[in-house]
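Student: I am new to this structure and should like a close look at a single part of it. Please take one sheet and explain how its strands are arranged.

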Amino acid sequence: MLRWILGGREAQGAVEKSPTLFIGEEQPKNPFTELQVLKGHFDIVRFLVQIDDSRFASAGDDGLVLVWNVETGERLMELRGHSQQITAMVAWSLINADTSHTSIITASSDRSLSLWDPDTGNRVQTISDLQSSVKCLLVLEHLDLWLSGGNELCVWNQDFKLLDIFLLFLFVAVIYKLAVSSKLEVSVQPFRQLTDHHDSIRVLINVNDGLFASGSHVGELIIWDAVNWTIQAYEHILWEEPHCDGQAEIRFVSQKQSDMSIHHLASNGEVVILAAVGSGLYVYNIHSRNVVAYRKMAHDSNVLHTMLLSDGQLMSCSEDGSVRMWEMEPLPLPAEPASPGFFGLWSFGRSSKQTCPPVKKVPEVPILKSLELTGDLIGHSGAIQMFLSFGEKGLVTCSTDHLVILWKDGERQSRLRSLAVFQKLEENQGLNSRMST
């Protein structure tokens, strides 16, 4: 893991490094040249949610929810009520007539759920004495419902009334449908079980109306058809090189099994899926069904969160304490070997289970690119859990070092400061002219 000491970096332990991952202080493509440290938490900060265009909330192991202004860094609210760490947080926008109000839902290890008003800081609703801790939350705004997941899947309405509950299973992706009776009663009904994963599912994302993707602890990634639930692509990342020559799957050498877990998936909703696999990043094109860009060692530790930006750019953060910006560039020759079949180019179903599958010729993929490092944000001294982008207003990161950092575009901030000075001068001149008359 990297340690950030006075702006310098020191690696702990023997890890594979590439000189291209250290670009120094000259980073012309990195706009985030200013940072503001936001202090208020006294334990690990794990969650960030956007409330509106100018506010966000942070939460973590201290049980606090803090509301911040992204433009000024001012702490607006401190929401207290949970007695243990917060395990999930989500924003919920309720639209009534022509008005819209955003609330925050939190879950905690104290086995409670809370609904907060970020405008007043009040806890509007609370549910205590749950059977187990809630690990994830999902809002269905078009139905005015929200879901909580842990050992059970629970459906709640906007009044925090439990509508239905269903037990969950490990290793199985279960498709549910919400049935609404004539009396407007909602129930959860299992519709289909997707049993193709062999270990716990770590990530499940919606790609678009027709596809969704899942990733497991043992490196399995499956792309599903959302209409008929069939597998559109499957890939299993193996940790050992096989003893036979021919291979139908791409295989990586790794000393630790956890290094090849799929920690995060991101999608632009159209063509691209970004997969954080161990310490690497892989960009997968849904239409061509192959990897179009990759970096096997993007960080020195596991990548925890990713985001796709525009114009072939993306961002990642890691346990090594770094936030990195990437750009897709043509792959130089000679390049590190990579198979275009990473996410199931070979077949749409499960791969052969033969010990030594027949040799297959690797198709040529002329558009294969590498991910080149364009920015390295230095500021945190611990593992960065996630980040939140506010576009030109800045980027927010949270970490195990108990800090929230607000990263700003230095050129934009300089222009805003100059504009504020000119406005102040104009006001003073106007005041002086009125005084002279």
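Tutor: In this predicted model, strand β9, which covers residues 99–108, is joined to β8 by 10 bridges, and the two run antiparallel. One pair can be located by residue: N96 has T99 of β9 as its bridge partner. These two strands belong to an open sheet of four, whose order is β8-β9-β10-β11 and whose pairing is antiparallel. The edges of the sheet are formed by β8, residues 86–96, and β11, residues 123–127; each has a single partner strand, so one side of each is left without a neighbour in the sheet. From one strand to the next, the twist averages 20°.

An annotation bears on this part of the chain. In an unreviewed entry, UniProt lists residues 38–78 and 104–126 under "repeat: WD". Over residues 104–126, the model has 61% strand and 0% helix, and the C-alpha atoms at the two ends are 12 Å apart.

Another strand may be set beside this sheet for reference. Strand β29 spans residues 369–377, and seven of its nine residues are buried, so β29 is largely enclosed by the rest of the structure. Strand β28, residues 323–330, runs antiparallel to β29 and is joined to it by eight bridges; within β29, L377 is the bridge partner of V323. Strand β25, residues 290–295, pairs with β29 in the parallel sense over two bridges, and here A293 has K369 of β29 as its bridge partner.

Definitions and conventions:
Residues numbered from 1 in each chain as written. Predicted model: local features only at pLDDT ≥ 70, side-chain atom pairs only at ≥ 80, totals over all residues. Heavy atoms only, no water. UniProt positions renumbered as here; feature names shortened; annotations may be inferred. Pairing = 2+ DSSP bridges. Axes fitted to C-alpha atoms, helices over the stretch in contact; angles between N-to-C directions. Buried < 20%, exposed > 50% of the residue type's maximum accessible area, 1.4 Å probe, protein only.
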